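Work through the following exercises with the model open. Try each task before reading its solution.

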Amino acid sequence: MVLEATMICIDNSERMRNGDYSPSRFQAQADAVNLICGAKTQSNPENTVGVLIMAGKGVRVLVTPTSDLGKLLACMHGLEIGGEMDLAAGIQVAQLALKHRQNKKQQQRIIVFAGSPIKPDKKSLEMIGRKLKKNSVALDIVNFGEDDEGKTEKLEALLAAVNNNDSSHIVHVPAGPNALSDVLISTPIFTGDGEGGSGFAAAAAAAAAGGVSGFEFGVDPNLDPELALALRVSMEEERARQEAAAKKAAEEASKQEKGGEQQSSSQDATMTEHASGATSEADNKRNDLSDDDNALLQQALAMSMDEPASSHDVQDTEMSDAAADDPELALALQLSVQDSAKDSSSQADVSKLLADQSFVSSILASLPGVDPNDPSVKEVLASMQSQSETQQKQDEDRAPNEEKFGSS
Amino acid sequence: MSAVESATAIQRSQVDLLDFIDWSGVECLNQNSNHSIANALKQGYREDEGLNLESDADEQLLIYIPFTQVIKLHSIVIKGSEEEGPKTVKLFSNKEHMGFSNVNDFPSSDTAVLSPDNLKGKPTVLKYVKFQNVRSLTIFIEDNQSGSEITKVQKIALHGSTVETTDMKGLKKIEEH
């Protein structure tokens with residue numbers, strides 16, 4: 001997302017007719033240029049890109065730095081191949097074009113496609129490089145074509161002279177079946193000094209190289225930060241859950257008895273300790289639950305309706321999984337667990353809680369993947385409602401009796 | 001006599017313009033990234049003798065300092081080592097975004113050739129009339145004392161006064177005399 005003005009120097013000399021890069025060197029170069037223009041303009045809308053040719057009749061600027069992608073793509077049409085590349089003049093003209101950019105806040109960058117042998121010697125290239133560094137211009141070099149007369153060496157020397165804090169890069173692309181653009185996509189020329197690059201580059205990379213993107217989870221943090229954050233958080237949650245599972249497997253035997261009456265500060269820890277009594281069945285249930293929250297909810301509600309005769313361990317397993325999702329629910333469920341361990345009438349309390357429509361629907365709404373308007377959920381709630389009503393009546397009958405006794 | 005008095009009075013009202021520098025716009029071309037302009041300008045860093053501003057590719061430096069308000073520049077203090085400290089310093093007022101290529105196209109507002117005394121901290125008084133309305137200052141360090149490849153600057157301090165907020169009490173003192 002760096003604000004940048006870029007000048008792309010294209011080699012359109014006779015050597016570009018060569019077919020060692022498919023379909024021809026020139027065509028491969030043009031594709032790469034198009035991709036770079038797109039990537040730069042997309043990574044920051046205020047970026048500008050310009051294009052110049054280094055061969056032909058002489059160094060000529062085709063497009064002065066602009067953010068108009070259409071203009072950039074159009075300028076590559078009708079380009080003629082001919083002449084010999086003049087690298088030194090090309091870089092100097094590019095530097096001049098950048099100097100006269102409109103927005104002086106933009107960083108300056110030159111991208112050179114060097115597909116022909118290089119005439120200037122190492123010394124003069126180093127001087128050019130130093131001049132670029134002095135004016136804080138970064139340089140990216142794409143070295144393709146044949147390597148003769150120490151071309152690679154010269155270009156490396158040029159890069160060393162320019163390079164300031166790794167802002168400049170060089171890429172050597174050997175001839176072969178891989179398209180020039182594909183090779184470039186994974187390089188820092190595209191990804192922009194390892195910041196994470198643009199969604200454009202990531203998408204192109206995914207399409208071309210088969211889903212290998214530079215980002216975790218395949219989502220560009222620049223493009224969609226919330227999604228990337230959500231994915232990262234859920235990944236960490238899952239990891240934490242798995243760690244807890246590993247821990248409980250280790251502490252299985254000792255915690256089994258104490259688990260029920262322990263009052264620990266962490267509700268989840270309590271839950272998992274409860275679950276430690278269960279066997280791998282608990283794990284399976286855990287896996288199944290993650291598939292269908294609805295089923296879990298129904299099971300949990302059914303469990304809490306049941307007489308306390310049902311095994312605490314299984315109950316607590318269910319609860320522990322649900323608890324992981326919602327602390328509110330966890331609290332309610334923990335209450336229910338503690339109560340049920342002491343007094344069966346507490347079941348009524350739980351059912352009263354659950355009978356409270358608004359409370360339940362708020363919990364349901366906060367559970368991910370559960371839609372309160374879902375018909376099956378509504379059914380369960382309705383059945384619960386009727387059950388709790390009968391229980392409430394019983395309680396009401398009891399209460400006046402107690403009062404009578406209390407008052408008399 | 002009044003001329004002399006007014007000269008000293010002007011000096012009395014000079015403040016260090018450090019507070020009026022717009023740090024977001026400060027730029028330095030050809031600086032070594034490990035030894036940046038902050039080492040020479042910022043409070044604390046500039047007092048530290050070990051922290052210098054150093055040039056990178058060659059011995060020239062181009063420093064651009066914008067100000068948050070209009071100031072008058074009276075004098076400048078440039079401290080550096082005896083050999084690698086700056087020698088010829090050209091100052092340009094209100095010229096934005098100069099580069100090394102066009103720095104010699106304009107006549108400078110003032111040029112100072114620093115002596116070893118200056119490098120120890122003696123202020124260089126400038127042509128005050130040329131710096132009456134300064135929004136930004138460009139300092140071009142052309143060469144250094146010994147002609148070495150790297151120029152090292154330990155401290156740059158600017159003294160002057162602001163245009164809007166002239167100290168009225170200072171003026172009154174002149175009149176009393």
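**Exercise 1. Contacts and burial in chain A**

Task: In this predicted model, what share of the contacts in chain A between residues at least 6 apart in sequence joins residues at least 24 apart?

Solution:
- Take the contacts in chain A between residues at least 6 apart in sequence; 72% of them join residues at least 24 apart.
- Now the elements: chain A has 18 helices and six strands.
- Next, burial. Chain A holds 408 residues, and 43% of them count as buried.
- Last, the surface. Chain A exposes about 20600 Å² of accessible surface, and carbon and sulfur atoms contribute 51% of that area.

**Exercise 2. Profile of chain B**

Task: How many helices and strands does chain B have, and in what order do its elements run?

Solution:
- Count the elements: chain B has four helices and nine strands.
- Read them from the N terminus on: α-β-β-α-β-β-β-β-α-β-β-β-α.
- Turn to contacts in chain B with a separation of 6 or more. Residues 24 or more positions apart account for 81% of these.
- Check burial: 46% of the 177 residues of chain B count as buried.
- Close with the surface: about 8800 Å² is accessible in chain B, with 50% belonging to carbon and sulfur atoms.

**Exercise 3. A helix pair**

Task: Describe how helices α3 and α4 of chain A are placed relative to each other.

Solution:
- Two packed helices are described by the angle between their axes and the distance between the axes.
- Locate the pair: α3(A) spans residues 87-99 and α4(A) spans residues 122-134.
- Their axes come within 11 Å and cross at roughly 10°.
- Angles under 35 degrees count as roughly parallel, so α3(A) is roughly parallel to α4(A).
- List the residues that meet. From α3(A) come L87(A), A88(A), I91(A) and Q95(A); from α4(A) come L125(A), I128(A), K131(A) and L132(A).
- Classify the residues of this contact: six are nonpolar, one is polar and one is charged.

**Exercise 4. Cysteines**

Task: How many disulfides are there over all chains, and is C75(A) buried or exposed?

Solution:
- The count over all chains is zero disulfides.
- Test C75(A). The closest cysteine sulfur is in C37(A), 6.9 Å from the sulfur of C75(A).
- A disulfide needs the sulfur atoms within 2.5 Å, so this pair is too far apart for a bond.
- Then accessibility. Buried means under 20% relative accessible area.
- C75(A) counts as buried because its relative accessibility is 15%.
- C28(B) has a relative accessible area of 10%, so C28(B) is buried.

Conventions: Residues are numbered from 1 along each chain as its sequence is written. Chains are lettered from A and ligands numbered from 1 in the order in which they are written. This is a predicted model: local features need pLDDT of at least 70, side-chain atom pairs count only at pLDDT 80 or more; totals for chains, interfaces and linings use all residues. Side-chain values use heavy atoms; hydrogens and water are left out. Axes are lines fitted to C-alpha atoms, for helices over the stretch in contact, and angles run from 0 to 180 degrees between N-to-C directions. Helices (H or I, at least four residues) and strands (E, at least two) are DSSP runs, numbered from the N terminus. Angles under 35 degrees count as roughly parallel, over 145 as roughly antiparallel, 65 to 115 as roughly perpendicular and the rest as oblique. Contact means heavy atoms within 4.5 Å. Ala, Val, Leu, Ile, Met, Phe, Trp, Tyr, Cys and Pro count as nonpolar, Asp, Glu, Lys and Arg as charged, and the others, Gly among them, as polar. Buried means under 20% relative accessible area, exposed over 50%, partly exposed in between (1.4 Å probe, protein chains only). Accessible areas come from the Shrake-Rupley method with a 1.4 Å probe; for residues, only the protein chains shown count as cover.
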